[in-house]
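Biologist: Before I plan anything at the bench, I would like to go through this model with you. Please show it, and then I will ask about it piece by piece.

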Amino acid sequence: LLAFSAWMIKWWPMLIAGGIGAAVAWRAYLRTTEGRYRWDSRKLKLPIIGEIILKATLARFARSFALSSQSGVPLVQALTVVAQTVDNAFIGSRIEQMRDGIERGESIARCAAATGVFTPVVLQMISVGEETGTLDEQLATAARYYSTELDFKITKFTNTFEPAMIVVMGLVVGFVAIALVSAMYGIFNQVQV
């Protein structure tokens, strides 16, 4: 504990400068097209959080696509707008890939399945909506489903996160307490000698 404290006192300016430098470099990387694409792709693979991000993005996709379809916006133009509103460069590029397939005359469901990012629920809703002519209604239903699912996942995550934080704080407090008690015990032994 004393060694760590001495190290922090000696190196704290370098740690702050390094942290600021790393934050600036990270933000500059995320401003590039490739950096944003790679980060958005990796975010979806993170444990627990990746699933929450995916569900939020799919809910945004379904809601935006349903609103565009209800407003009478042409399908290709609607997908172009939706690709920009999902706020994820990786999924946005997959939506543009889907749009390109539709321009070639393929079905919406087949193009959506080819992207590899949509869950079976969304694919089923798109397929049913395309066959019955109620694509906007099916996508609105999918958006409501994912909004509910997202609320459930966030609640579950916070309920799991709280005990983990309590354990971490307990370990930190325990380490400090053991360090202080062992120091006091060492001083007590030297006084008795």
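**Salt bridges and their surroundings**

Modeller: Arg 36 and Asp 40 sit four residues apart in helix H2 (residues 33–43), so about one helical turn separates them. Keep in mind that this is a predicted model.

Biologist: How far apart are N and O where the side chains of Arg 36 and Asp 40 meet?

Modeller: Side chains of opposite charge can pair when their charged atoms come close. The side chains of Arg 36 and Asp 40 meet in a salt bridge, and the N to O distance is 3.0 Å.

Biologist: Is Asp 40 buried or exposed?

Modeller: Buried means under 20% relative accessible area. Arg 36, at 31%, counts as partly exposed. Asp 40 has a relative accessibility of 0%, so Asp 40 counts as buried.

Biologist: Which residue in the loop between H4 and H5 ties to Arg 36, and how many residues apart in sequence are the two parts?

Modeller: Asp 87 forms a salt bridge with Arg 36, with the closest N and O atoms 3.2 Å apart. Because Arg 36 lies in helix H2 and its partner in the loop between H4 and H5, the pair ties together parts of the chain distant in sequence by 51 residues; the loop residue is Asp 87.

Biologist: Which residues are linked in a network of salt bridges?

Modeller: The structure holds seven salt bridges. A network of them links Arg 36, Asp 40, Lys 43 and Asp 87.

Biologist: Which residue forms a salt bridge with Lys 153?

Modeller: Lys 153 is buried, because its relative accessible area is 17%. Its partner is partly exposed, at 38% relative accessibility. The closest N and O atoms of the pair are 3.2 Å apart, and the partner is Glu 51.

Biologist: How many residues apart are Lys 153 and Glu 51, and where do they lie?

Modeller: The salt bridge between Lys 153 and Glu 51 links distant parts of the chain. Lys 153 is in helix H8 and Glu 51 in helix H3, and the two are 102 residues apart.

Biologist: What is the phi of Asp 87?

Modeller: Most residues other than glycine have a negative phi, and most peptide bonds are trans. Asp 87, in the loop between H4 and H5, is a residue other than glycine with a positive phi, near 60°.

Biologist: Where is Ile 48, and what is its phi?

Modeller: Ile 48 is placed in the loop between H2 and H3. Ile 48 counts as exposed because its relative accessibility is 52%. Although Ile 48 is not a glycine, its phi is positive, at about 65°.

Biologist: Which residue just after H3 takes a positive phi?

Modeller: H3 has 22 residues and reaches 32 Å from its first C-alpha to its last, close to the 32 Å expected at 1.5 Å a residue. Just after H3, a phi of about 85° is taken by Gly 72.

Biologist: How many residues does the largest nonpolar core have, and which helices each supply at least two residues of this core?

Modeller: In soluble globular proteins, nonpolar side chains tend to be buried together. The largest nonpolar core has 32 residues, and those with the most contacts inside it include Phe 61, Phe 65 and Leu 139. At least two residues of this core come from each of helix H3 (49–70), helix H4 (75–85), H5, helix H6 (108–115), helix H7 (120–132) and helix H8 (135–192).

Biologist: Which residues does Leu 139 touch, not counting those up to four places away in sequence?

Modeller: Leu 139 is among the residues with the most contacts inside the largest nonpolar core. Leaving out residues up to four places away in sequence, Leu 139 touches Phe 61, Ala 62, Phe 65, Ala 66 and Ile 126.

Biologist: Is Arg 99 buried or exposed?

Modeller: Arg 99 is found in helix H5 (residues 89–103). Not counting residues up to four places away in sequence, Arg 99 touches Val 76, Leu 79 and Thr 80. Because its relative accessible area is 16%, Arg 99 is buried.

Biologist: What accessible area do the residues of the nonpolar patch on the surface have together?

Modeller: Met 14, one of the patch residues, lies in helix H1 (residues 2–31) and is exposed, with a relative accessible area of 57%. With Phe 4, Trp 7, Met 8, Trp 11 and Leu 15, Met 14 forms a nonpolar patch whose accessible area is about 620 Å².

How values were computed. Residues are numbered from 1 along each chain as its sequence is written. This is a predicted model: local features need pLDDT of at least 70, side-chain atom pairs count only at pLDDT 80 or more; totals for chains, interfaces and linings use all residues. Side-chain values use heavy atoms; hydrogens and water are left out. Buried means under 20% relative accessible area, exposed over 50%, partly exposed in between (1.4 Å probe, protein chains only). Contact means heavy atoms within 4.5 Å. Patches are made of residues with over 30% relative accessible area and no salt bridge: like charges are joined within 9 Å, nonpolar side chains (Val, Leu, Ile, Met, Phe, Trp, Tyr) within 5 Å. Accessible areas come from the Shrake-Rupley method with a 1.4 Å probe; for residues, only the protein chains shown count as cover. A salt bridge is a side-chain nitrogen of Lys or Arg within 4 Å of a carboxyl oxygen of Asp or Glu. A nonpolar core is a set of buried Ala, Val, Leu, Ile, Met, Phe, Trp, Tyr and Cys residues joined through side-chain atoms within 4.5 Å. The expected span of a helix is 1.5 Å times one less than its number of residues.
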